[in-house]
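Biologist: Before we use any labels for this protein, I would like to hear the reasoning behind each of them. Could you take me through the terms one at a time?

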Amino acid sequence: MTDRECLERALELAERGRGRTAPNPVVGAVLVRDGERVAEGWHERVGGPHAEVVALEAAGERARGATLYVTLEPCAHHGRTPPCAEAVVEAGVTRVVAAVGDPNPETDGAGIARLRAAGVEVELAGGELEWLARLQNETYRVWVAEGRPFVVYKAAMTLDGRVTVPGSRWVTGEESRRRVHELRARMDAVAVGMGTVRADNPELTAREVGAERQPRRLAFGRGPLPAGSGLELRTGPLVEELGRLAEEGVQSLLLEGGPTLATAFLEAGLVDKLMLFVASRLAGTGPRWLGELPEAIALLRPSVEQVGEDVLITAYLRSP
């Protein structure tokens with residue numbers, strides 16, 4: 001197996017822990033010796049052994065002299081479990097290939113340094129595999145590195161950039177609306193601005209998608225909230241509010257507000273990812289999804305996907 005094939009397999013394995021490892025990242029690992037895969041593992045649940053340890057225990061003595069492929073730099077600190085870097089050294093692994101480094105600024109590089117100090121050859125994948133590993137844990141990486149949630153701004157608009165259509169309740173089609181409910185179900189929190197609250201009094205719940213839990217539902221801005229609203233009002237500066245949410249364990253935040261909220265978050269540099277659902281229609285009038293910005297913003301890795309009769313444009317504002 002090539003290095004790429006082994007890391008791609010590790011990325012696949014990591015996904016098996018999705019939804020059960022928070023607040024930890026999802027991680028996968030593959031052990032190869034003499035060109036043959038001898039063991040593999042993934043982080044199955046929070047508090048349980050990390051992917052590297054699972055693979056090492058499955059390999060036993062076959063780990064000695066092997067190469068470990070792992071999606072994230074092995075940890076070197078004591079948390080709920082002992083440091084994985086020590087386990088790798090003790091098992092006699094001679095080479096480690098990690099897809100990406102540790103995003104925690106307090107521990108970044110510590111695992112690699114421990115391995116190299118013990119004579120283990122260490123490589124970082126770089127390139128497309130690094131990008132894929134970053135995306136796999138994009139919410140965790142921003143949360144731990146910047147002390148705020150990973151912020152996704154979603155908007156539904158017409159081809160001429162309007163967020164309302166005269167005479168119609170919906171801008172986009174049923175498939176796009178279902179995708180938004182699926183997105184809500186994966187996020188820790190969903191938020192709108194007070195303009196949207198006053199206009200629509202939205203529920204912001206994930207409906208008819210089998211959601212195992214509902215996200216926290218927030219409103220940014222000045223109150224009061226309408227009577228009976230189930231939203232939490234957040235009135236402080238955006239940076240401070242995001243910091244408080246991160247301290248409360250919110251790793252991901254979906255913004256669904258109108259142009260005022262979008263512009264405020266973009267101006268503050270607090271949006272990590274855009275998801276724009278574009279309907280195949282022209283409104284001709286009405287508010288646009290974004291207000292005036294002081295300067296242009298470059299986007300990374302744009303992609304386009306057909307969703308029913310609509311088009312979903314996804315792009316990043318920075319590497320997670």
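Modeller: Let us start with T67, which the predicted model places in strand β3, residues 67-70.

Biologist: What makes T67 buried or exposed?

Modeller: The relative accessible area of T67 is 13%, and the label buried applies under 20%, so T67 is called buried. Leaving out residues up to four places away in sequence, T67 touches V30, L31, V32, R95 and V97.

Biologist: And how do you know whether G111, in helix α4, counts as buried or exposed?

Modeller: By the cut-off of under 20%, a relative accessibility of 1% places G111 among the buried residues. Apart from neighbours within four places in sequence, G111 is in contact with E73, P74, A76 and A85, while the C-alpha atoms of G111 and P83 are 8.5 Å apart although 28 residues separate the two in sequence.

Biologist: Which residues does D108 touch, if those up to four places away in sequence are not counted?

Modeller: D108, in the loop between β4 (95-98) and α4 (110-117), touches E73 and D102 on that count. From D108 to R318 the C-alpha distance is 19 Å, with their positions 210 residues apart in sequence.

Biologist: Why are helix α2 and helix α3 called roughly parallel?

Modeller: Helix α2 (residues 51-59) and helix α3 (residues 84-91) pack at an angle of about 20°, with their axes 9 Å apart. Angles under 35 degrees count as roughly parallel, and therefore α2 is described as roughly parallel to α3. The crossing of α2 past α3 is left-handed.

Biologist: Which residues meet there, and how are they classed?

Modeller: From α2 come E52, V53 and L56, which meet C84, A87, V88 and A91 of α3; by class, the contact has 6 nonpolar residues, 1 charged residue and no polar ones.

Biologist: What makes a set of residues a nonpolar core?

Modeller: The members must be buried residues of the nonpolar kinds listed for a core, joined through side-chain atoms within 4.5 Å. The largest such core here has 38 residues, of which L31, L68, V93 and V96 touch the most other members, and its largest share, 5 residues, comes from helix α1 (residues 3-14). Leaving aside neighbours within four places in sequence, V93 is in contact with L31, L56, A63, G65, A66, L68, V88 and V120. There is also a second, separate core of 25 residues, including L245, A262, L276 and W289. In soluble globular proteins, nonpolar side chains tend to be buried together.

Definitions and conventions. Residues numbered from 1 in each chain as written. Predicted model: local features only at pLDDT ≥ 70, side-chain atom pairs only at ≥ 80, totals over all residues. Heavy atoms only, no water. Buried < 20%, exposed > 50% of the residue type's maximum accessible area, 1.4 Å probe, protein only. Helix = DSSP H or I, 4+ residues; strand = E, 2+ residues; numbered from the N terminus. Contact = heavy atoms within 4.5 Å. Axes fitted to C-alpha atoms, helices over the stretch in contact; angles between N-to-C directions. Parallel < 35°, antiparallel > 145°, perpendicular 65-115°, else oblique. Left-handed = near helix turned anticlockwise from the far one by under 90°. Nonpolar A, V, L, I, M, F, W, Y, C, P; charged D, E, K, R; others polar.
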